[in-house]
Amino acid sequence: MSWASVFIAGFITYFTRFSMVTFVNGKMLNKKFRLVLSYVPSTVFPAIIFPAVFLNDFGNFVEINDPKIFGIIGAIIVGFFTRNIIATILSGLTVYWFFIF
């Protein structure tokens, strides 16, 4: 019963979001509204990343010497200078793995 509920909730969530992308005509929206919507992915991304990096399993802030902190600092530096998403991800993972192994 619980797995069925999870799959049903996933399908409902997916199709409600998919319908907004598919059925809304971009020409109907004015320029200002499209400009505001263009910032949505970049504002949602930090909300996903922040808890994964700065909070531990119990919801408390991690210490400054946590390997995830070093990984994100490395990724921010590389991302700032290269403006390349693949280089940013690989550098963050490399720094993180360097500190945990």
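**Briefing: helix α4 and its surroundings in an all-helix chain pattern**

In helix α4, the buried residues are Ile69, Gly71, Gly74, Ala75 and Gly79. The model is predicted. The protein chain has 5 helices and 0 strands, and its order along the sequence reads α-α-α-α-α.

**Overall shape and burial**

- The radius of gyration of the protein chain is 19 Å, whereas a compact globule of 101 residues would have a value near 13 Å.
- Along the principal axes, the C-alpha atoms of the protein chain fill a box of roughly 50 × 45 × 25 Å.
- Of the 101 residues in the protein chain, 11% are buried.
- When contacts between residues at least 6 apart in sequence are taken, 21% of them join residues at least 24 apart.

**Helix α4: length and start**

- Helix α4 covers residues 67-82.
- The 16 residues of α4 should span 22 Å at 1.5 Å a residue, and the C-alpha atoms at its ends are 22 Å apart, so the two values agree.
- At the start of α4, aspartate 66 places a side-chain oxygen within 2.9 Å of the backbone nitrogen of lysine 68.

**Glycine 79 and threonine 88**

- Glycine 79 lies in helix α4; its relative accessible area is 17%, and because the limit for buried is under 20%, glycine 79 counts as buried.
- The C-alpha atom of glycine 79 is separated by 8.8 Å from that of serine 91, a residue 12 places away along the chain.
- Threonine 88 belongs to helix α5, which runs over residues 85-100.
- Threonine 88 is buried too, because its relative accessibility is 18% and the cut-off is 20%.
- Leaving aside residues up to four places away in sequence, threonine 88 touches Ala75, Val78, Gly79 and Thr82.
- Two of these partners, Ala75 and Gly79, are among the buried residues of α4.

**Arginine 83, just after α4**

- Arginine 83 sits in the loop between α4 and α5.
- Arginine 83 is not a glycine, yet its phi is positive, at about 55°; this residue comes just after α4.
- The relative accessible area of arginine 83 is 68%, so this residue is exposed.
- Arginine 83 lies over the face of phenylalanine 80, at 5.5 Å from the ring centre.

**Valine 62, before α4**

- Valine 62 is in the loop between α3, residues 40-54, and α4.
- With a relative accessible area of 18%, valine 62 is buried.
- Apart from residues up to four places away in sequence, valine 62 touches Val53, Phe54, Leu55, Asn56, Lys68 and Ile69.
- Ile69, one of these partners, is itself a buried residue of α4.

**Aromatic pairs, including those in helix α1**

- The whole structure holds 8 aromatic pairs.
- Tryptophan 3 and phenylalanine 7 form a tilted pair, with 6.2 Å centre to centre and 35° between the planes.
- Both residues of this pair lie in helix α1, residues 2-23, where tryptophan 3 and phenylalanine 7 are 4 residues apart, about one turn of the helix.
- Tryptophan 3 is exposed, with a relative accessible area of 62%.
- Phenylalanine 11 and phenylalanine 15 form a stacked pair, with 6.4 Å centre to centre and 20° between the planes.
- Phenylalanine 11 and phenylalanine 15 also both lie in helix α1, 4 residues apart, about one turn of the helix.
- An α-helix has 3.6 residues a turn, so residues three or four places apart point the same way.
- Phenylalanine 11 has a relative accessible area of 51% and is exposed, while phenylalanine 15, at 46%, counts as partly exposed, because exposed requires over 50%.
- Phe11, Tyr14 and Phe15 make up one aromatic cluster.

Notes. Residues numbered from 1 in each chain as written. Predicted model: local features only at pLDDT ≥ 70, side-chain atom pairs only at ≥ 80, totals over all residues. Heavy atoms only, no water. Helix = DSSP H or I, 4+ residues; strand = E, 2+ residues; numbered from the N terminus. Buried < 20%, exposed > 50% of the residue type's maximum accessible area, 1.4 Å probe, protein only. Phe/Tyr/Trp six-rings, centres within 6.5 Å; stacked < 30°, edge-to-face > 60°. Lys NZ or Arg CZ within 6 Å of the ring centre and 35° of its normal. Expected span 1.5 Å × (residues − 1). Polar contact = N/O pair within 3.5 Å; in protein donor to acceptor, adjacent residues only side chain to side chain. Contact = heavy atoms within 4.5 Å. Rg over C-alpha atoms; globule rule 2.2 N^0.38 Å.
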